[in-house]
Amino acid sequence: MTEPQTSPNERSALDDLASDAASRKRFLTMAGAGMAGGLAVLISACGSSDDSTTQDTTAQEPSATAEATAAAENGDIEIVNYALTLEYLEADFYAQVIDSGLVKDKKLVELAKSIGENEQEHVDALTATVESLGGTPAAKPTTKFEDVLSGGLDKVLLTAATVENLGAAAYLGQAGKIKDKAILAAALSIHSVEARHAAALNSLIKAGFKGEGPLNGSVPDGAFAKPMSMDEVLEQVKPFIAS
Amino acid sequence: MRDHELAAPELAHIRIDGFTRSAFLVRGAVAAGAVYGAGSVTPFVSRALAQGGGDVDILNFALTLEYLEAAFYTMALKEVSGLSADVKELSTEIRDNETEHVDALKAAIKGAGGKPVKAPGVDFGGAFKTETAFLKLAETLEDTGVSAYNGAAPAIESTDVLAAAGSIVQIEARHAALIRLQRGQSPAPDAFDKALEMQAVLDAVKPFVKG
C-alpha cells in the first residue's frame, strides 16, 4: 500500500522489508506472534546460509551483501509466518466444524476432514520451515468462529469457501516476494492445493467458477487468479481472530 | 559444474543451484520432490523450448501445454456424445480459460522479445469415446498442468512473469479440483501438489502430441 518511489529494478530486499513494516507490525500484533530480535535473526540467518564467504565475514563486520542476504531470509520468515497463521486459522476452523456435528452428510464430513488434514500438514511444514530459517514460528492464533458455527451449515460452507479463496489469493500475493527459490517452490505447492480446496467449496456453495456472490475479491474473474496483499487478506480474516 | 550434468547447456539457466541448508529442510518437510533441470532433448522438447532466453523458454513450455489443453476441450465439446449438462458447462468454462491462457502466454512471450511456439498437432486417442474417458484424461492433463507450472515457476526470473504463471496455475488447480469432483475423486489428494521438471511433463504429454 505504501510502496517506495523507486523503479522495480532499484528495489532491494531491504526496500521490500521497509515497505512492509507497517503491515508486518500489525500482522504480528494481531496474530499474537513475536519474531526474534533483529540481531538474533541476522546472526541465525547468516549461519543457515550456504554462502560460506558471507558467513565468514559477517560475524564481526556485516557487509552490505550479508545484510541483504539476512534481510532476504528475514523477509521470507515473515512471509512464511504469515502463511502459517492463515493455515492455523484454516486447520482450527475445520477441526471446530467437525467437532460441532453441524455437518451430517457423510461425503461432506469426509471432504471437511481431508481438507482439515491438508491444512494441518501445511501448519507442520511451515512451522518446520520457519525453524529451519532460524526464525520463531508464529504462535497459533486464538480463533473466533462462534458466530459462523451458530449460523448453521450454509454459513459454515460460505466461510470455508471464503478462507480458502483468501488463502489462495494470499499465497499468490506473496509469490513474487519470496527470495529463496526452495521456499517459493514450497509455497507454490501449497498455493495450488488451497486453490483446489477453494474450487471444491465454491462449487458446493454454488458460487460458480467465478465465485459470483459474496466472496470478497479473492475469486478469479475467469481465466486468471487474483493476488491479494497481506493487508487485504488480514483485514478479511480479522473477524475470525480473537487474539 | 552445472553444464556437464546437462544434455543441453542452453538449458543450464533452468537449473537452480545453491540450495541453502534451510532449503533442504523445506524440501524434506514438504516432500516436494522438485528437481530443476532438463535431461535429453527430444525433437518435441526442442520445439517446446525453441527460443533462447530463460523466461521465454518457460513461457513457451507453458504455451505448449495450454495449446494442448485448449485443443483437448475444444475437441471434446464437439466429439464426446451425451455430455451431461454439468460436464458440458464445466468443459466450456475450462476451454475458454485455456484459450485465454494461450493468448496471454503468446502476448507475454512477444512482450519478452521472444517468438511463441506453434500449436502442436494433437491426438487424444480414444479419450472422446465416452464422458468417462474424457474426464479421466482431463484429470491427468490438469494435474500435470499444475505440476508443470509449480515445477517451472521457481526458475522464472521476472517477477511479472512469475505473477502471470502463478495466476494461471491457480486456475489450473481449480480446474483439476472440479474435474476430480465430477469423477467422484478427492479434489486435493495431497497436501502438497507435486512439482514436475519440464522433461517429465513433456514425456507425460508426448503421447498426445502428433508431428
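**View 1. A:Asn118 sits in helix H6 (residues 106-132) of chain A.** This and the other views come from a predicted model. A:Asn118 counts as buried because its relative accessibility is just 5%, under the 20% cut-off. Skip the neighbours within four places in sequence, and what does A:Asn118 contact? In chain A, the partners are A:Val193 and A:His197. On the chain B side, A:Asn118 meets B:Ala188, B:Asp190 and B:Ala191. For a distance to check on screen, try A:Leu108: this residue is 10 positions from A:Asn118 along the chain, and the two C-alpha atoms are 15 Å apart.

**View 2. Negative charges from both chains gather in a patch on the surface.** Chain A supplies A:Glu117, A:Glu121 and A:Asp124, and chain B adds B:Asp190. B:Asp190 is also one of the contacts of A:Asn118 from the previous view. Where in chain B do you find B:Asp190? Look in the loop that links helix H6 (159-182) to helix H7 (198-205). B:Asp190 counts as partly exposed because its relative accessibility is 40%.

**View 3. A salt bridge between chains pairs B:Asp193 with A:Arg196.** As general background, side chains of opposite charge can pair when their charged atoms come close. For B:Asp193 and A:Arg196, the N to O distance is 3.0 Å. The pair runs from the loop between H6 and H7 of chain B, home of B:Asp193, to helix H9 (residues 181-204) of chain A, home of A:Arg196. Are these two residues buried or exposed? Both B:Asp193 and A:Arg196 are buried.

**View 4. Inside chain B, B:Glu139 forms a salt bridge with B:Arg180.** The closest N and O atoms of the pair are 3.4 Å apart. B:Glu139 belongs to helix H5 (residues 131-152) and B:Arg180 to helix H6 of chain B, so this salt bridge ties together parts 41 residues apart in sequence. B:Glu139 and B:Arg180 are buried. And the pair isn't on its own: salt bridges with shared partners link A:Arg196, B:Glu139, B:Asp143, B:Arg180, B:Arg183 and B:Asp193 into one network. Two members of that network, B:Asp193 and A:Arg196, are the partners shown in View 3.

**View 5. Zooming in on B:Arg180 in helix H6 of chain B.** Why does B:Arg180 count as buried? Because its relative accessibility is 9%, which is under 20%. Leaving out neighbours within four places in sequence, B:Arg180 contacts A:Arg196 across in chain A. Its chain B partners are B:Glu139, B:Asp143, B:Gln185, B:Ser186, B:Pro187 and B:Pro189. Among these contacts, A:Arg196, B:Glu139 and B:Asp143 also belong to the salt-bridge network.

**View 6. B:Ala177 is another residue of helix H6 in chain B.** B:Ala177 counts as buried because its relative accessible area is 0%. Which residues does B:Ala177 touch once neighbours within four places in sequence are left aside? They are A:Arg196 and A:Ala199 from chain A, plus B:Pro187 from chain B. A:Arg196 turns up in the contacts of B:Arg180 too. If you'd like a distance to check here, the C-alpha atoms of B:Ala177 and B:Ala152 are 21 Å apart, with their positions 25 residues apart along the chain.

**View 7. B:Asp96 and B:Arg95 meet in a salt bridge.** Their side chains come to 3.1 Å, N to O. B:Asp96 counts as partly exposed because its relative accessibility is 34%. B:Arg95 is partly exposed as well, with a relative accessible area of 25%. How many salt bridges does the structure hold over all chains? The count is seven.

**View 8. Stepping back to the two chains.** Chain A has 10 helices and zero strands, while chain B has seven helices and two strands. From the N terminus on, chain B reads α-α-α-α-β-α-α-α-β. Chain A has 243 residues, and 53% of them are buried. Chain B has 211 residues, with 54% counted as buried. As for surface, chain A exposes about 10300 Å², 55% of it from carbon and sulfur atoms. Chain B exposes about 8700 Å², and carbon and sulfur atoms supply 54% of that.

Key:
Residues are numbered from 1 along each chain as its sequence is written. Chains are lettered from A and ligands numbered from 1 in the order in which they are written. This is a predicted model: local features need pLDDT of at least 70, side-chain atom pairs count only at pLDDT 80 or more; totals for chains, interfaces and linings use all residues. Side-chain values use heavy atoms; hydrogens and water are left out. Patches are made of residues with over 30% relative accessible area and no salt bridge: like charges are joined within 9 Å, nonpolar side chains (Val, Leu, Ile, Met, Phe, Trp, Tyr) within 5 Å. Accessible areas come from the Shrake-Rupley method with a 1.4 Å probe; for residues, only the protein chains shown count as cover. A salt bridge is a side-chain nitrogen of Lys or Arg within 4 Å of a carboxyl oxygen of Asp or Glu. Lys and Arg count as positive and Asp and Glu as negative; His and the chain ends are not counted. The place of a charge is taken as NZ of Lys, CZ of Arg, CG of Asp or CD of Glu. Helices (H or I, at least four residues) and strands (E, at least two) are DSSP runs, numbered from the N terminus. Buried means under 20% relative accessible area, exposed over 50%, partly exposed in between (1.4 Å probe, protein chains only). Contact means heavy atoms within 4.5 Å.
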